[in-house]
Amino acid sequence: MIIHDEHHLTAVVLAETERDGTLRVKEIIQALVRHLHDFAREVRLADEECDTAFGIVTRLGRLITPSDNEVRLMAGSLSLSTLVALMNHGTDGKPTSANLLGLFWSLGSPRMNNGESIVRSPTEGPPLFFTGRIVNTDGNAVAGAEVDVWHASLAGLYENQDPEQAE
């Protein structure tokens, strides 16, 4: 097929997506193609810039391990994860919005009593002390509220990333 111009290319790619997939997959892929092509046209993406972007995506993919997902971190950096959480859970007029636990939150971490330390390995640097209250919109304590706290070491790593740290 002969592509006549940059807009014809988008139409040809969209026509190809009509061949298979569920309606929802088609909808998502077609929107992705339209927006991606429109983005490239809007900024007049140069060859070198496109190569740089491909390099970033390739590097992110190569960095993914069972304990690190750089693509998910990038989605967080671009606030895409937050946007999706807000679109799907919103605030519904509540005083707090949907939030993300993040990549390094660990399901099944041991419960600690108020005042106990979460440190499991010798850690350099000054200790971080957290204090807070969970209150409702009237300022009254919320009974039974739970707070999950986790933090990176001075090296910038969480225990599930760093083999030197105890779980």
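Helices and strands are runs assigned by DSSP, with at least four residues for a helix and at least two for a strand, and they are numbered from the N terminus. With that numbering in mind, Leu 78 can be placed in the loop between α4 and α5. The model described here is a predicted one, and this briefing moves from its loops to its salt bridges, then to Gln 165 and the largest pocket.

**Loops and backbone angles**

- Leu 78, in the loop between α4 and α5, counts as exposed because its relative accessible area is 64%, and exposed means over 50%.
- The C-alpha atoms of Leu 78 and Glu 42 lie 19 Å apart in space, while the two residues are separated by 36 residues in sequence.
- Ser 79 also belongs to the loop between α4, which spans residues 70-77, and α5, and with a relative accessible area of 41% this serine is partly exposed.
- The phi angle of Ser 79 is near 65°, which is a positive value in a residue other than glycine.
- Arg 44 likewise is not a glycine and has a positive phi, of about 50°; this arginine sits in the loop between α2 and α3, the latter covering residues 47-62.
- The relative accessible area of Arg 44 is 54%, so this residue is classed as exposed.

**Salt bridges**

- Over the whole structure, a search finds 6 salt bridges, and among them are the pairs described in the next points.
- Arg 19 and Glu 16 are joined through their side chains in a salt bridge with an N to O distance of 2.4 Å; Arg 19 is exposed at 65% relative accessible area, whereas Glu 16 is partly exposed at 43%.
- Lys 26 and Glu 18 form another salt bridge, with 3.9 Å from N to O, and this pair falls within the definition because the nitrogen has to be within 4 Å of the carboxyl oxygen.
- Lys 26 is buried, with a relative accessible area of 15%, but its partner Glu 18 is partly exposed at 45%.
- Asp 38 and Arg 41 make a salt bridge in which the closest N and O atoms are 2.9 Å apart, and both residues lie in helix α2 (residues 23-43), where a spacing of 3 residues corresponds to about one turn of the helix.
- Within this helical pair, Asp 38 counts as partly exposed at 42% relative accessibility, while Arg 41, at 15%, counts as buried.

**The surroundings of Gln 165**

- Gln 165 is located in the segment after α5, a helix that runs over residues 80-89.
- A polar atom in the side chain of Gln 165 lies 3.1 Å from the backbone oxygen of Leu 157.
- Leaving aside residues up to four places away in sequence, Gln 165 touches Leu 157 together with Ser 121, Ser 153, Tyr 158 and Glu 159.

**The largest pocket**

- Rolling a probe the size of a water molecule over the atoms shows where empty space is left.
- The largest pocket holds about 1,900 Å³ of space.
- Its lining is made up of 47 residues, and those lying nearest the centre of the pocket are Met 112, Glu 116, Ile 118, Val 149 and Trp 150.
- When the lining residues of the largest pocket are sorted by type, 23 are nonpolar, 15 are polar and 9 are charged.

Notes: Residues are numbered from 1 along each chain as its sequence is written. This is a predicted model: local features need pLDDT of at least 70, side-chain atom pairs count only at pLDDT 80 or more; totals for chains, interfaces and linings use all residues. Side-chain values use heavy atoms; hydrogens and water are left out. On a 1 Å grid over the protein atoms alone, a cavity is a set of points where a 1.4 Å probe fits but cannot get out, and a pocket is an open set with protein on both sides within 12 Å along at least five of seven lines; lining residues have an atom within 4 Å of a point. Grid points are joined across faces, edges and corners, and a volume is the space filled by probe spheres set on the points. Ala, Val, Leu, Ile, Met, Phe, Trp, Tyr, Cys and Pro count as nonpolar, Asp, Glu, Lys and Arg as charged, and the others, Gly among them, as polar. A polar contact is a pair of N or O atoms within 3.5 Å; within protein, one must be able to donate a hydrogen and the other to accept it, and residues adjacent in sequence count only if both atoms are side-chain atoms. Contact means heavy atoms within 4.5 Å. Buried means under 20% relative accessible area, exposed over 50%, partly exposed in between (1.4 Å probe, protein chains only).
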